[in-house]
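Hi,

Here's the structure I promised to pass on. Have a look at it first, and then read on for what turned up.

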Amino acid sequence: MRRITTFEFCGQQRTVAFTVAAAEKLDEKAGSLERLGEWLAGDGGQMAALGRCVEIVQLLMAEGENYERLQARYSGQERKDLAVPTAEELKSLYTVQDLATLKDVIFGAISAGQQQEVESKAVEATGKNESATS
């Protein structure tokens with residue numbers, strides 16, 4: 001299952017991925033992943049929150065590009081690597097009004113990264129699960 005998501009960036013769909021590497025870095029920055037929302041909205045006002053969001057989006061974009069590169073490499077496919085903007089470049093591409101958009105990208109990537117696929121067995125006409133025992 002591909003636990004990634006995409007968003008539009010400079011007219012292209014770009015992958016963002018909440019990988020183990022991203023989770024470790026965010027856990028370190030926020031103190032814990034459970035406190036990520038508080039950390040994003042934390043001290044320093046809107047500009048500090050915007051700066052933190054830009055850093056996280058850059059991290060998720062870098063992990064997304066790495067994910068796509070590795071997928072192509074290990075599946076034997078040809079792929080042109082895409083440049084990942086720096087946090088400073090992102091600050092020049094986004095405005096203060098984009099804070100909500102950046103948060104959507106962040107929480108969309110986290111949500112996609114935590115999705116689980118559940119496989120269930122067929123239920124017989126009796127309504128009992130095949131794996132259930134009496």
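Helix α3 is a good place to start: this helix has 31 residues and reaches 45 Å from its first C-alpha to its last. That is close to the 45 Å expected at 1.5 Å a residue. Do keep in mind that this is a predicted model.

The helix covers residues 45–75, and S75 is found in it. Is S75 buried, partly exposed or exposed? With a relative accessibility of 43%, S75 counts as partly exposed, because buried means under 20% and exposed means over 50%. The S75 side chain also reaches back to a backbone oxygen, that of Q71, at 2.7 Å. Just after α3 comes G76, which takes a positive phi of about 75 degrees.

R52 also has its place in helix α3. Its relative accessible area is 14%, so R52 falls under the 20% cut-off and is buried. What does R52 touch, if you leave out residues up to four places away in sequence? The answer is W39, L40, A41, G42 and D43.

Now for the cavities. With a threshold of 30 Å³ or more, the count comes to 1 cavity. The largest cavity has a volume of about 40 Å³. If you want to find it on screen, look for R14, T15, M61, G64, E65, E68 and R79, which line it. Which elements supply at least two residues each of that lining? They are α3 and β2, the latter being residues 12–17. The largest share, 4 residues, comes from α3. Sorted by class, the lining of the largest cavity has 4 charged residues, 2 polar ones and 1 nonpolar one.

One last thing, away from the helix: C10. You'll find C10 in the loop between β1 (4–9) and β2. Phi of C10 is near 50 degrees, a positive value in a residue other than glycine. Why point that out? Most residues other than glycine have a negative phi. As for accessibility, C10 comes out at 60%, which is over the 50% cut-off, so C10 counts as exposed.

If you only have a minute, I'd look at two spots: the lining of the largest cavity, where α3 gives the largest share, and C10 with its positive phi.

Cheers

Definitions and conventions: Residues numbered from 1 in each chain as written. Predicted model: local features only at pLDDT ≥ 70, side-chain atom pairs only at ≥ 80, totals over all residues. Heavy atoms only, no water. Buried < 20%, exposed > 50% of the residue type's maximum accessible area, 1.4 Å probe, protein only. Polar contact = N/O pair within 3.5 Å; in protein donor to acceptor, adjacent residues only side chain to side chain. Contact = heavy atoms within 4.5 Å. 1 Å grid on protein atoms, 1.4 Å probe; cavity = no way out; pocket = protein on both sides within 12 Å on 5 of 7 lines; lining within 4 Å. Points joined across faces, edges and corners; volume = space filled by probe spheres on them. Nonpolar A, V, L, I, M, F, W, Y, C, P; charged D, E, K, R; others polar. Expected span 1.5 Å × (residues − 1).
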